[in-house]
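Here's a quick look at the aromatic side chains and their contacts. Pull up the model and follow along.

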Amino acid sequence: MCELFDPIGPSPLQDLAPSSPTRPPHTLHLVLVVGNDTTNYKNFIATALPRNPFSCMRPSLRLKIGAEMAKITYTGEGCTGCMACVAACMYAHDKEFGVGASRIWIVKKEPITDHPIVCVQCGKPPCRDVCPVGAISKVDDLVLVDEKLCIGCGACVEACPFGAITIHPKKHVAIKCDLCGGKEPQCVKFCPPKVLKLQTPTLAPKAKVK
Amino acid sequence: MEVTIKIYGDLVKKAGTDTIRLPIDENDTIDALLIRLGKRHPVLLEAILDPTTGELKPYFNILLNGHQIQRMRGIHTKLKHKDELAIFPPVGGGDA
Amino acid sequence: MGQILRVDLSRKKHHVEPLPKDLARNYLGGLGFAARILFDELKPKIDPLGPENELVVATGPITGTVWPTSGRFAVAAKSPLTDVWGEAHCGGFFGPMLKFAGYDALIIQGRSENPVYLWIDDASVEIRRAKDLWGRNTAETINMIRDARGDPQIEVLSIGKAGENLVRFACIVNNYYDAAGRAGLGAVMGAKNLKAIAVRGTHGVKVSNEEEFLKLAAEGYDRVFKEERLDGLKYYGTSPPLIDMKRLVGDLPTKNHRTLTFKEAEKFGCKAVERYFVKSRACFACPIRCKKIHKIPSGKEGLIMKAPEYESTCAFGPNCGSNDYRAILEANTLCDLFGMDTMSAGTVVAWLMECYEKGIVTKKNCDGLEMNWGNSGAIVALMGKIANREGIGDLLAEGVYRAAQKLGRGSMKYAMHVKKMEMDLNDGRGHRSLGLTQATSPRGSCHMRSLVVVDQGFAFQKVAAERYGKDKLPEICDPYSEKHKGLAVKDCEDVYAIRDSLAMCWYACGWPPTFWINDFAAAAAAATGIKEFGNVKEMYLIAGRICNLRRAFNLREGVGANGDTLPERILKEPIPDGPSKGQVVNLKAMLRDYYELRKWPNGAPSRKTLVDLGLKDVAEELKRLGRI
């Protein structure tokens with residue numbers, strides 16, 4: 001797997017995320033800036049989210065690695081911060097619309113940045129590595145949490161460089177993107193500007209090689 | 001004799017410009033002008049005219065010197081030298 | 001859900017009440033709840049800035065779901081600007097978060113001795129000291145509350161300096177620039193010493209008929225996604241397409257409504273502002289994403305600000321004779337930060353400019369500002385003065401009616417208001433039905449309560465024919481005809497009352513009618529499980545109930561047909577130039593039709609009208625007070 005996915009320590013986002021692991025973030029409002037530079041937001045993505053594969057990877061690299069697994073991807077621009085994905089995700093799993101227990105969330109930096117955060121289905125998931133009860137595993141390239149085993153300790157929340165895994169406020173177990181069970185991911189379905197996409201694995205390159 | 005047609009909204013992309021000047025003859029009407037327009041800007045015309053009826057698509061506005069053409073004789077309204085037409089796509093007719 | 005949070009700031013107490021089934025069944029939500037609660041709980045003739053006034057914040061049954069454009073809420077109280085019914089509606093994210101915390105509505109009563117803010121965290125509710133927040137602008141308040149609570153996800157409804165200083169048209173802001181803008185509700189909060197309402201919720205909103213609701217919601221998103229006719233809003237925002245159109249057809253209020261054409265308005269049209277576009281942003285779950293962020297050249301780095309909406313652009317631009325886009329952005333941003341209504345602020349400045357032109361005020365009166373038409377520097381400078389009630393700002397902060405009363409010297413002639421509410425940036429002389437809308441709107445001059453689009457141009461003949469009948473053409477589509485406008489206005493007023501109760505956004509049903517009352521009915525029925533809501537007739541009944549309740553509220557305050565007027569300028573001064581040259585508004589003819597359709601003889605509902613709507617108690621109270 002590409003080393004870009006290896007964690008190098010706690011994400012700067014952790015400092016900004018709520019201290020209590022039972023409060024899953026759905027937005028992160030950073031400083032209101034009136035009159036700043038548009039280039040700042042690109043820098044923000046590159047520096048504040050150093051391990052974000054959505055924007056700091058070269059397109060060709062992204063394609064090569066991405067072709068090996070299914071995950072939700074963000075096109076890199078166009079998110080309007082509407083949070084339809086957040087509400088749709090919570091509904092898909094808990095049958096109620098809300099933002100408190102969603103597996104996708106939005107980073108917002110006023111006045112112009114809106115950026116979705118969702119599990120990238122790491123090849124070497126740090127969440128799996130730190131889980132003390134082995135509740136996290138990779139199944140068919142999908143990183144999954146076994147809610148029956150999970151004790152809600154929050155070690156995975158600390159370990160994830162993206163902040164993509166959180167603790168459900170009522171069920172007290174770790175929750176993360178599960179591609180809606182492999183059916184139609186609801187965040188993709190409801191995203192109005194259509195900037196969230198489901199990247200599906202393709203066997204074509206391998207077949208060609210054969 | 002010529003008239004000026006101003007294009008608004010995202011129709012500008014289809015026309016490739018926001019101002020079109022076309023010559024007219026004595027007693028030319030708006031529909032004759034649209035035919036001439038169609039020859040030079042077929043994409044634009046396709047966007048605003050219904051191909052089956054040959055009529056302006058619903059919700060598109062044509063203004064002649066600021067007035068709705070339907071308050072005159074619609075596309076049979078006569079034109080004169082230096083008239084200014086405006087073609088409007090449907091806009092959010094409401095206000096915030 | 002099904003809960004109302006009631007907070008008494010005088011006693012520093014709060015309690016949670018179950019949402020009365022009757023209220024939900026008969027008033028739907030949002031605006032409906034606010035109308036019924038305030039009619040029941042407020043006595044007539046109270047001081048809007050006193051402790052007896054109540055502020056109601058109400059969401060609707062679909063707020064917080066992924067129904068497109070549903071992330072809205074209503075705010076209402078007795079208005080300190082108009083002394084009658086005051087309502088305002090708002091997008092952003094506060095409404096959904098209130099629902100997620102478990103509350104359908106919030107009622108704020110009394111008055112706190114010291115500045116406080118309300119902190120709602122699911123079931124936990126606290127009234128906390130706001131000493132450090134008082135004096136801060138709305139953006140700072142939002143950020144400080146988030147920092148203080150250590151939680152960046154909190155949604156905050158805040159007032160700024162304007163609300164604290166009881167500027168009569170102060171507003172309430174959430175999400176930095178989403179405002180419950182008009183009627184001075186920010187001053188009601190300021191008078192209660194309530195700086196902000198902060199909320200966060202981890203619960204969810206359930207819907208009754210899940211499959212149906214989700215299917216309709218997904219289909220609704222698809223509709224908006226495919227709707228080409230919303231492209232103007234999606235790409236340019238609310239202002240540039242309207243500026244272009246209104247400028248051309250002669251419907252753009254200019255220089256305090258002296259005329260309706262302003263050539264330089266091209267500077268605010270689609271072509272001109274395209275170059276400033278940085279990105280689009282949206283309210284909760286909204287697919288239209290009409291908010292734009294603009295970057296204008298300034299110094300080395302440029303200046304980034306949220307682009308103004310149409311009303312704000314016109315208020316600080318053409319209506320003040322100004323062609324300065326940067327000044328509009330600045331004035332708009334200042335209004336967001338100070339928590340002030342842009343439309344009222346712009347109109348009161350335009351009034352001052354006209355008074356200056358006519359020699360009624362001098363440069364000295366205006367603190368050394370030269371109030372010439374188009375002096376954009378003065379417009380921006382006045383925003384701070386008004387919010388802080390400094391110098392001439394103290395007079396302007398009273399609103400154009402009271403300011404003109406105080407100033408005298410014939411200045412009332414130039415005060416553009418209806419029922420003391422500054423005029424919205426529309427004019428019946430260029431768009432006839434709008435004159436009727438402004439005259440009859442319960443909160444004073446306002447276009448949103450019954451804005452009719454079918455007569456904004458002949459492009460809408462098909463819709464007009466479908467909705468009102470072919471026989472109403474061509475007059476109903478004629479922007480200069482009074483005929484059939486009573487019908488169109490009454491119908492839109494009903495439909496929008498439902499829209500504001502659900503609560504949904506104007507852009508969902510304004511133009512084009514992506515959703516109309518049949519869609520509202522389907523959404524309401526699927527969300528609540530109340531089958532009757534699915535019947536459009538029932539929706540119209542509820543709408544009639546709400547509209548009559550607002551009317552009754554105003555009648556109780558002594559305002560009825562006597563308030564259904566327009567400024568002299570609109571009724572008597574013909575437009576001097578442009579496509580609308582020569583136009584005036586014949587209000588009487590339209591009012592007559594409207595009253596007839598509403599069944600309001602002489603502008604007041606008959607007893608039968610009220611009883612038929614299930615408002616017998618209202619009829620009795622009005623009878624007792626001699627209003628009917």
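## Aromatic pairs

How many aromatic pairs does the structure hold over all chains? Counting every chain of this predicted model, the total comes to 17 aromatic pairs.

Take Phe93(C) and Phe284(C): their rings meet edge-to-face, at 6.3 Å centre to centre with 90° between the planes. Phe93(C) sits in the loop between strand S5 (85–90) and helix H3 (94–100) of chain C, while Phe284(C) is in the loop between strand S13 (277–281) and strand S14 (291–296) of chain C, so this pair ties together parts 191 residues apart in sequence. Phe93(C) is buried, at 3% relative accessibility, and Phe284(C) is buried too, at 1%.

## A stacked pair

Tyr276(C) and Tyr325(C) give you a stacked pair, with 5.5 Å centre to centre and 10° between the planes. Tyr276(C) comes from the loop between helix H10 (270–273) and S13 of chain C, and Tyr325(C) from helix H12 (residues 325–338) of chain C, so the pair links parts that are 49 residues apart in sequence.

Are these two buried or exposed? Tyr276(C) has a relative accessible area of 16%, so it counts as buried because the cut-off is under 20%. Tyr325(C) is buried as well, at 8% relative accessibility.

## Cluster and charges over rings

One aromatic cluster brings in residues from chains A and C: Tyr91(A), Phe97(A), Trp67(C), Phe213(C) and Phe515(C).

Charges turn up over rings as well. Lys194(A) lies over the face of Phe225(C), 4.5 Å from the ring centre. Arg545(C) puts its charged end over the ring of Tyr27(C), at 5.9 Å from the centre.

Terms used. Residues numbered from 1 in each chain as written. Chains lettered and ligands numbered in written order. Predicted model: local features only at pLDDT ≥ 70, side-chain atom pairs only at ≥ 80, totals over all residues. Heavy atoms only, no water. Phe/Tyr/Trp six-rings, centres within 6.5 Å; stacked < 30°, edge-to-face > 60°. Helix = DSSP H or I, 4+ residues; strand = E, 2+ residues; numbered from the N terminus. Buried < 20%, exposed > 50% of the residue type's maximum accessible area, 1.4 Å probe, protein only. Lys NZ or Arg CZ within 6 Å of the ring centre and 35° of its normal.
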